[in-house]
Every structure is written in structure tokens, then in C-alpha cells.
Amino acid sequence: MIDLSEIKQKLSFPQDVVILSHRNPDGDAIGSSLGFAGFLRKMGHNVKVVLPSDYPLIFSFMKGIDDIIIFDHDRAKALDIIKQATVIACLDFNGLDRIDKIGPTVEESTAYKILIDHHLDPEPFADFIYSKTSASSTCELVFTLIEEMNGVNKLDLYDAENLFVGILTDTGTFKYSTNEDTYRVASELKKRGVDDYYLNDAIYNSYTEKQLKLLGHCLANRMEVIPEHKAAIIAITKQDFQDFTIERGDTESVVNYMLMIKGIEVAAFIREQPTIVKLSLRSKGDISVQEIARNHFNGGGHKNASGGSAYAKLEDVVTRFKSILPKYIK
Ligand SMILES: [Mn+2]
């Protein structure tokens with residue numbers, strides 16, 4: 001374990017803490033932020049959570065989520081809070097460009113900076129870095145850090161639930177990215193009263209009728225399977241966005257369905273947006289979609305889950321994706 005003496009010293013008296021996570025926050029970004037916030041508050045700190053952009057509505061049930069300050073909604077307030085912070089904790093992201101316009105303010109701040117993350121290649125901008133790419137989620141790391149600080153008894157049921165949410169969502173309900181600690185931490189959280197059936201139901205049985213019909217459309221009319229390269233692609237057009245009045249979060253899990261086809265090991269969900277084409281990529285095993293995203297689509301993420309974008313026509317992005325497949329899939 002890493003040297004905790006400095007962080008312990010910094011947190012040994014009340015601080016104004018700001019917890020930050022990445023744009024388009026997912027369950028892990030939100031859960032780790034809220035869980036760590038709960039822990040730090042019980043240590044006597046004044047804690048605020050700031051996210052660059054709004055969270056998906058399916059997470060509205062999470063305790064404390066209403067108190068999160070969204071930079072996109074109130075820029076002045078968000079920046080003000082960050083400027084006044086004496087401790088800044090950056091959770092579930094590896095570089096200041098992941099928090100967009102908040103980045104420079106964090107860079108300029110003289111606050112004590114903490115980075116807890118499981119993405120590849122963390123930038124060395126923080127004073128305390130707890131980074132482990134083998135961790136399932138930042139929530140897993142937040143919990144193990146709290147354990148190392150002998151603070152587990154400070155976690156209440158809601159903190160435990162919030163941390164469980166990140167593990168659940170970043171592992172696709174324990175289907176990938178798990179390690180021994182993942183199950184151990186999940187067990188510890190369940191011991192603290194977490195009702196994982198309730199959390200699963202709240203998160204995964206939350207489709208609207210429109211979203212399920214959209215999923216059907218994607219699978220029936222927009223999917224192309226390329227068995228020789230163990231790949232599948234779903235590409236949706238601007239017209240699809242209009243026809244289904246697609247909003248933020250509506251297409252969240254579409255990409256994962258393609259990997260349910262036997263023999264398919266890499267999946268691309270490609271979306272034509274007003275000025276840009278965005279890609280969500282998933283893979284199984286040793287195929288690194290992180291490399292594909294980084295080398296060809298100006299993106300990154302994890303080995304088996306990443307994303308990217310391109311300023312090009314939808315058809316051209318699809319063609320480019322197909323043409324690079326042989327290089328990455330044996
Ligand atoms: Mn994560």
C-alpha cells in the first residue's frame with residue numbers, strides 16, 4: 001500500500017474539500033464521489049461534489065445526488081467553490097482535460113490534490129495519487145483507501161450503497177473487470193446493509209418504453225455483424241436521433257448487446273451527431289478497444305471499454321472502423 005502519512009495529516013483537521021469527477025458521469029464517477037464525500041463529512045470536513053455535466057436520470061435515486069453542483073448549470077458557483085477549496089479530490093479520471101473547462105482552475109489551485117482512479121496513465125498533477133488499473137472501479141479503490149485509513153466504520157448505509165453502485169455499473173453487474181478485491185469489497189459493503197437486489201432493479205430495470213423500442217430498432221435495423229473479424233457494429237444516424245427523440249442516456253447500454261452474440265468479441269456503437277461522430281467500443285479478453293480508440297478515434301478509456309470520436313461522415317467512420325479491425329483482431 002502507498003504512503004498514507006501525508007494524506008492522513010492533511011485530513012486530520014477540517015478542510016474545505018471539493019470532489020470532482022469526469023464529464024458525462026457514470027455510476028462509478030457519481031458513486032465514488034458521493035461515497036467519498038460521505039466518508040469525509042463524517043471525518044468533519046466541509047465537502048462539496050462538483051461534476052462538469054449532468055448525470056443520467058437513472059441515478060436520481062442515489063442519496064445525496066441532488067446536492068451535486070453541475071458546472072454546466074452554474075459555472076460561477078462551481079468555479080468559486082473549487083477556488084476556495086483547501087483539498088481537491090479527483091475521482092475516476094486520469095487527466096485534467098477530462099473535466100474540460102474546470103481543468104485550468106484545478107491546475108492553478110494551491111489546494112492539496114488527491115487523485116483516485118483506475119484508468120490507464122494518470123497524469124501526475126496530484127499530491128496524492130492512488131491509481132490502480134486492475135481495480136474494477138474507483139469505488140473499489142475509494143473503499144480500500146478508506147479501509148487503509150481505518151475509516152470503514154464511518155460509512156453509513158447510503159455511503160455503502162453509493163460505493164456499491166460504482167462497482168455494479170463499472171463491472172456490468174460483475175461480468176467484467178473484476179478481481180479478488182472487487183468481490184471482497186462488495187461483500188464488505190453488503191455486510192454494511194447494502195441491498196444489491198434493490199440497486200440492480202433501480203439501475204437496470206429502468207428503461208422507458210421509448211428506450212426499449214430504440215434498442216429494438218438498433219438491433220433489428222442498424223446492426224451489422226462481421227463474423228470473420230468477430231465484430232459487430234451499430235451505426236445510428238441523425239435521422240434516428242430525430243425519429244426516436246433520442247436524449248442523453250437513451251442509448252447508454254446499446255453497445256453491450258452486441259457482445260451477447262456468440263463469437264462476437266468487439267462491438268462498436270457509432271452515432272452521428274450534429275458536428276461529430278461518436279463511438280463507444282467494447283471488447284472481450286485481450287482485444288484492446290482502448291488502443292483502437294486512442295490510435296484511430298482520438299479517444300481512450302479502458303482495455304475492454306472505451307470511446308472516441310471523429311470529425312467525418314458516418315459512413316466513413318464505419319468504413320475506417322472496419323478497415324482497422326484485422327490489425328487488432330486475430
Ligand atoms: Mn470508473
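Modeller: Before we start: two strands count as paired here if DSSP finds at least two bridges between them. And keep in mind that this is a predicted model.

Colleague: Fine. Which strand order does the sheet with mixed pairing have?

Modeller: The order is 7-8-9-10-12-11, in an open sheet of six strands.

Colleague: Which strands stand at the edges there?

Modeller: Strand 7 (223–226) and strand 11 (300–301) do. Each has a single partner strand, so one side of each is left without a neighbour in the sheet.

Colleague: How many bridges join strand 7 to strand 8, and do they run parallel or antiparallel?

Modeller: Four bridges, and the two strands run antiparallel. As for a specific pair, V225 has A232 in strand 8 as its bridge partner.

Colleague: OK, now the parallel sheet. What's the order there?

Modeller: That open sheet of six strands goes 3-2-1-4-5-6. Strand 3 (69–70) and strand 6 (128–131) are at its edges with a single partner strand each, so one side of each has no neighbour in the sheet.

Colleague: And over how many bridges do strand 4 and strand 5 pair?

Modeller: Five, linking residues 87–91 with residues 112–117 in the parallel sense. L91 sits opposite I116 of strand 5.

Colleague: Which strands does helix 2 touch?

Modeller: Helix 2 packs on the sheet against strand 1 (16–20), strand 2 (46–51) and strand 4. Its direction makes about 170 degrees with that of strand 2.

Colleague: What about helix 3, which strands does it lie across?

Modeller: Helix 3 (residues 75–84) lies across strand 1, strand 2, strand 3 and strand 4, at about 135 degrees to strand 2.

Colleague: Switching to cores. Which residues touch the most other members in the largest nonpolar core?

Modeller: I19, L20, I88, A89 and F164, out of 61 residues in that core. Helix 2 (residues 27–42) gives the largest share of this core, seven residues. Apart from it lies another core, of 27 residues, including C218 and V255.

Colleague: Back to F164: what does F164 touch?

Modeller: Leaving out residues up to four places away in sequence, F164 touches A186, L189, V194, D196 and L199.

Colleague: Last topic, domains. Where are the bounds?

Modeller: The domain assignment gives domain 1 as 5–204 and domain 2 as 209–328. Their C-alpha centres lie 28 Å apart.

Colleague: How many residues are in contact between domain 1 and domain 2?

Modeller: Seven residues of domain 1 with seven of domain 2. The side of domain 1 that touches domain 2 has five nonpolar, two polar and no charged residues.

Conventions: Residues are numbered from 1 along each chain as its sequence is written. This is a predicted model: local features need pLDDT of at least 70, side-chain atom pairs count only at pLDDT 80 or more; totals for chains, interfaces and linings use all residues. A nonpolar core is a set of buried Ala, Val, Leu, Ile, Met, Phe, Trp, Tyr and Cys residues joined through C-beta atoms within 7 Å. A residue is buried if 20 or more other C-beta atoms lie within 10 Å of its own, exposed if 12 or fewer, and partly exposed in between; C-beta atoms are placed from the backbone. Two residues are in contact if their C-beta atoms, placed from the backbone, lie within 7 Å. Domain bounds come from an automatic or database domain assignment. Ala, Val, Leu, Ile, Met, Phe, Trp, Tyr, Cys and Pro count as nonpolar, Asp, Glu, Lys and Arg as charged, and the others, Gly among them, as polar. Axes are lines fitted to C-alpha atoms, for helices over the stretch in contact, and angles run from 0 to 180 degrees between N-to-C directions.
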